[in-house]
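Open the structure in your viewer and follow the stops below in order. Each stop says what to select and what is there.

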Amino acid sequence: MTASVINGWFTVDGGTAHLLGTRCADCRTVYFPPRTGFCRNPYCDGEDLAETRMPRRGTVWSYTNSCYPPPAPFVTADPYVPVTLAAVELAGTGIVVLGQVKDLTVDDLRVGMELELTTGPLADGPLVWMWGAPGAPGTAAERQNGESP
């Protein structure tokens, strides 16, 4: 079963998370988040943008921690628990996607290290994409080995 999450930017299919983008049928340019209408490549007149699943792995481009709670309307845990964030360049696309990091701290991360798309809940409950170590709980490698997420 496929569950769409976050207005069509993200899906979970068979327990595996996927970011959803679009690809121009004419020039093959890939976009995330998904686009509608026309290709934004200035050298292309294409208007046929088809949904595509983005690569699930990428390399850390930058990272930080959030040691203080963001302002409302963002909902945080009480008491606030700092989170780690990473900007990850998706393999082969040049697209960088920001997300919370699951089960790793800034001390564990390095620019250039590989991370894999996974999922986790926000403090107020919605399931979102997150980045995790390849093979970590909730990643595709673990599910392929028959372990539960």
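Start with the cysteines. This is a predicted model, and the count of disulfides in it comes to 0. Select Cys27: it is in no disulfide, and the nearest cysteine sulfur, that of Cys39, is 3.6 Å away. A disulfide needs two cysteine sulfur atoms within 2.5 Å, so Cys27 and Cys39, at 3.6 Å, do not form one. Colour by accessibility and Cys27 comes out as partly exposed, with a relative accessible area of 28%.

Now select Cys44 and Cys24. Is Cys44 buried or exposed? Cys44 counts as buried, at 11% relative accessibility. The closest cysteine sulfur to that of Cys44 is in Cys24, 3.7 Å away, which is too far for a bond.

Next, show the whole protein chain as a cartoon. The chain has 10 strands and 1 helix. Reading from the N terminus, the elements run β-β-β-β-β-β-β-β-β-β-α, so the helix follows the strands. Of the 149 residues of the protein chain, 36% count as buried.

Keep the cartoon and pick out strands 6, 7, 8, 9 and 10. What do these 5 strands form? They make a closed barrel with mixed pairing, in the order 6-7-8-10-9. From one strand to the next, the twist averages 45 degrees.

Zoom in on one pair from that barrel. Select residues 83-90, which are strand 7, and residues 96-101, which are strand 8. The two pair in the antiparallel sense over 6 bridges. To look at a single bridge, select Ala86; the bridge partner of Ala86 in strand 8 is Gly99.

The last stop is the largest pocket. About 600 Å³ of space lies in this pocket. Select Phe74, Val83, Gln100, Leu122 and Met130: of the 27 residues that line the pocket, these are the closest to its centre. The elements that give two or more residues to the lining are strand 7, strand 8, strand 9 (114-121) and strand 10 (127-132). Which strand gives the largest share of the lining? Strand 8 does, with 4 residues.

To finish, colour the lining of the largest pocket by residue type. The lining residues divide into 19 nonpolar, 6 polar and 2 charged.

Terms used. Residues are numbered from 1 along each chain as its sequence is written. This is a predicted model: local features need pLDDT of at least 70, side-chain atom pairs count only at pLDDT 80 or more; totals for chains, interfaces and linings use all residues. Side-chain values use heavy atoms; hydrogens and water are left out. Two strands pair if DSSP finds at least two bridges between them. Axes are lines fitted to C-alpha atoms, for helices over the stretch in contact, and angles run from 0 to 180 degrees between N-to-C directions. On a 1 Å grid over the protein atoms alone, a cavity is a set of points where a 1.4 Å probe fits but cannot get out, and a pocket is an open set with protein on both sides within 12 Å along at least five of seven lines; lining residues have an atom within 4 Å of a point. Grid points are joined across faces, edges and corners, and a volume is the space filled by probe spheres set on the points. Ala, Val, Leu, Ile, Met, Phe, Trp, Tyr, Cys and Pro count as nonpolar, Asp, Glu, Lys and Arg as charged, and the others, Gly among them, as polar. Buried means under 20% relative accessible area, exposed over 50%, partly exposed in between (1.4 Å probe, protein chains only).
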